Amino acid sequence: MRTLIATAFVSLDGVVEAPGGEAGYRNAGWTFKDIEFDPAAYALKGAEQEEAAALLLGRVSYEAFSPVWPDMTEEFPHYKVMPKYVVSTTLRDEDLVTNWGETTILRSLDEVAALKETEGGPIIVNGSATLVRELTDAGLVDRLNLLVFPVLLGAGKRLFSETDKDKQPLKLVESETYSNGIQKQIFEFVR
């Protein structure tokens, strides 16, 4: 069974919306505005690319990343060549970009669950806030790789849903605090 890893930039109050400056959100770009750059804090991103064997995205993140990431060969070299999966009920094959390698559209969480049952290495989910909430609620996420930023944003898309459910224990397997206050927190789901 493949490991499903959700990775996120998250504010201390749980917001994951528009960390890189995406239009339409009041606090867009909050991961780099007024936060000193410390390269060590972002080493996790390179390690994730090395570890992952496939990339899983929701439609909105796919549509944001696919015009840009294929040409960012220095920043995202492994993502260019690894298989990609997009969970969407509306995206069509003809909507997929042709310069980013093999991409498969999955139509449901059942198809994600089936993908997890195949042979291969870890599957990583970048961005995709809505998808991560749905995957987490369905019990499909195995690990969370979080970079927690020392900011409070108030409104915005949250990492976790507000679904009423039983307590889900997590095990902290790695953590580190950087000079700029960012914290790396890696959790495994205890099942």
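## Sheet, packed helices and two positive-phi residues

In this predicted model, Leu170 has Phe189 of strand S8 as its bridge partner. The two strands concerned, S7 and S8 (residues 183–189), run antiparallel and are joined by seven bridges. They belong to an open sheet of eight strands with mixed pairing, whose order is S4-S3-S2-S5-S1-S6-S8-S7. Because strand S4 (103–106) and strand S7 (170–177) each have a single partner strand, they stand at the edges, and one side of each is left without a neighbour in the sheet. From one strand to the next, the twist averages 20°.

Two helices are described against this sheet. Helix H1 (residues 43–51) lies across strand S1 (4–11), strand S5 (123–126), strand S6 (143–149) and S8, and runs at about 165° to S6. Helix H5 (residues 129–137) packs on the sheet with contacts to S1, strand S2 (54–58), strand S3 (84–87), S5 and S8, and its direction makes about 105° with that of S2.

Most residues other than glycine have a negative phi. The table lists two residues with a positive value.

| Residue | Phi | Loop | Relative accessibility |
|---|---|---|---|
| Ala18 | about 50° | between S1 and H1 | 10% |
| Ser128 | near 55° | between S5 and H5 | 5% |

Since buried means under 20% relative accessible area, Ala18 at 10% counts as buried, and Ser128 at 5% is buried as well.

An unreviewed UniProt entry places the feature "domain: Bacterial bifunctional deaminase-reductase C-terminal" at residues 2–183. Over residues 2–183 the chain is 21% helix and 23% strand, with the end C-alpha atoms 26 Å apart.

Notes. Residues numbered from 1 in each chain as written. Predicted model: local features only at pLDDT ≥ 70, side-chain atom pairs only at ≥ 80, totals over all residues. Heavy atoms only, no water. Pairing = 2+ DSSP bridges. Helix = DSSP H or I, 4+ residues; strand = E, 2+ residues; numbered from the N terminus. Axes fitted to C-alpha atoms, helices over the stretch in contact; angles between N-to-C directions. Contact = heavy atoms within 4.5 Å. UniProt positions renumbered as here; feature names shortened; annotations may be inferred. Buried < 20%, exposed > 50% of the residue type's maximum accessible area, 1.4 Å probe, protein only.
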